[in-house]
Amino acid sequence: MTKFILPIFGDQLSHRLASLRQARRSRDIVLMVESDSAANRVRYHKKKLAFVISSMRHFANELLDAGWDVRYLQLGDPKNTQSITGEIYRACSDEGTERVCATEPGNWSLRRRLQRIKNVDILEDDRFLCTHAEFDKWVHDHKQLRMEYFYREMRRKTGFLMIDGQPAGGRWNYDADNRKRLPHEVKPPQPVTFAPDDITKQVLALVESRYPDNIGSIDNFSFATTHRQASIAVDEFITHVLPSFGDYQDAMTHRSTHLYHAGISHYLNTGLLDPVVVCQKVADAYETGNVPLNAAEGFIRQIIGWREFVRGIYWRNMPAYLKENFFGHDRMLPSFYWDAKTELACLASAIGDTRDNAYAHHIQRLMLTGNFALLIGVDPRKVHEWYLSVYIDAFDWVEVPNTLGMSQFADAGLIASKPYLSGGNYINRMSDYCGNCQYDVKKRYGPTACPFNYLYWNFLDQQRSRLANNARLANAYRTWDRMTDDRRPAVTRDAQAFLDKL
C-alpha cells in the first residue's frame, strides 16, 4: 500500500480539502511547513504572519485530534530547511515514498514548483464554486469579461437569492442602493474579537523576534485562528452588522475601521470558513426577514461573483499577468505607504488603519491607496507587492487581479471597463476625511488645493492617447476641454510640482 505525503499550505486550512478527502488516515502523512522562504517573500505585516502561522498550528492540532499523522515543521526547528519543496523531498525520503498528493495552491509559482516534483498528484481546489474548465468555457462564450454577467451565471448555478429561476426582488444587482455616506450620528459596531490563547501568544512572540522590522505591530492581536472562532465571527456579523452593510458598504470614515464590513475575507481565503456555508447563512437571513435584500445581495455578490471571477482571471493569465503595465508607470511607492506620515487626511487614515490592523476595506483600497498610486504613476508591480505585504486577506490568486487589474488598470481593461480613479469630490462625498484635512477639496489647483484634484485632471490629460476612446470617461474629458486656457496649465503645473516632490 503506497504511502502519500500530503502537503497543506497556509491558505488551505480546511477539513474538506480535496487531498484530505482522497487520502487515508491510516496510511498517509500530512506535511505542514512554516518557512522563512515563504515568510520573507515580501515584508509581510506582523499581524498577517501571526494569523497565518497561528491558524496553521491550530489546524494541525485539529488534524491530530481527527486521527491524522501530521508532520509539522515550525520556523525554529533546527531540522527545518525553510523550504516547502525541500521539506516535501525530505519527508518522502524519511518515509520511504515518492508519492505526493497536493491540493492546488493559490499561487502560480508554488504550483509550478510542485509540478516539478516526481510522482506528484495536484488536485483542483474544489472549495471554489467555479472550476477552471467552467471559467474557460465562460470566457470562450463572452467577448467582454465582465464580472456582472459571470455573477449572474453563478447565481443560477448556486440558487442563492433566486426564485423560480429569477433573481429575488426582480433585480440582479442592488449596488446603486449601496452608496450612502455614513451619517455623523451613526456609530458602527466593533467587530468581534478573540483573546490570544497560548498557541497564539507563542506565535506572536516568534513573529516579533524573527521579523522585528516588518510593518505593523503584534499588539492587540484579536483575530480568530480556529474554525470555531471564525464561525462565531461570521454569525455575529450576520446578526448584528450585515443588515446595514448594504447601505454603507462604500462609505469611509476616520471614526471606524470596519464600519459595516464583515472582516472575514482572511478566514475565507485561508479555509477557516467555507464560502458556500457563509453564503447560505446570509441567504437564510434574508429569507427569514432579518437582513434586507440589498445587504444580502451585495455581500453574496462579493463571494460568488467577484471572488470567483478574479480567481479565474488569475489562473488564465499567469504568469504574464504580473508584467502587465498598460500606462508604463515606473514610479516607486511613496514611503508614507509604510508609515502613514502624510498630510493627506484620507491616506493617513486608510494607511494608518492598514499599519495598525493589517486591514482596510475595499473602497479605501480602491479609491484611496490604489487611486493615488495610479494618479502619481507608481509601478503596478510595486503596488501589488505592497498590497500583498500589508493586508491580512491578500493571497496571490485574489490580490494580483484586484491590484493589477481593478486598481491599477495595468491589464488595459481585461477586468474593469475603465480605470478606477477620481478627484477629491468622490472622497468627500463618501467620507468625512476632507473636513480634517489641511487641503481644500473644493479647489482644483493652487497651493491649498486637494492634490487628488489636480493629479486627477493631469492624469487624464497625460493618458489621453490611451483613454480618450473609453466611453465611460467621455464626460470627464469634455469637462477638461471646457476648462479655460489658464486653468489647464495651472492644473498641470501644480501636478508636476507635487510629483517632483515625491
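**Notebook: a parallel sheet and helix α16**

I began with helix α4 (residues 84–95) in this predicted model. Helix α4 lies across β1 (4–7), β2, β3 and β4 (99–103). I read its direction against β3 as about 135°.

I then looked up helix α5 (residues 108–115), which lies across β4 and β5. Its angle to β5 is about 150°.

Next I traced the sheet. I noted an open sheet of five strands, paired in parallel, in the order β3-β2-β1-β4-β5. β3 (69–73) and β5 (120–123) are the edge strands; each has a single partner strand, so one side of each has no neighbour in the sheet. From one strand to the next the twist averages 25°.

I checked one pairing at the β3 edge. β2 (residues 29–33) runs parallel to β3, and five bridges join the two. Within this pair I found V30 opposite V70 in β3.

I moved on to helix α16 (residues 362–376) and asked what its 15 residues should span at 1.5 Å a residue. The expected span is 21 Å; I found the end C-alpha atoms 20 Å apart, which agrees. I also logged a bend of about 35° in α16 at G370.

Is α16 enclosed or exposed? I counted a residue as buried under 20% relative accessible area. By that cut-off 14 of the 15 residues of α16 are buried, so the helix is largely enclosed by the rest of the structure.

Last entry: G377, just after α16, has a positive phi of about 85°.

How values were computed:
Residues numbered from 1 in each chain as written. Predicted model: local features only at pLDDT ≥ 70, side-chain atom pairs only at ≥ 80, totals over all residues. Heavy atoms only, no water. Pairing = 2+ DSSP bridges. Helix = DSSP H or I, 4+ residues; strand = E, 2+ residues; numbered from the N terminus. Axes fitted to C-alpha atoms, helices over the stretch in contact; angles between N-to-C directions. Contact = heavy atoms within 4.5 Å. Expected span 1.5 Å × (residues − 1). Bend = angle between axes of the 7 residues up to and from the residue. Buried < 20%, exposed > 50% of the residue type's maximum accessible area, 1.4 Å probe, protein only.
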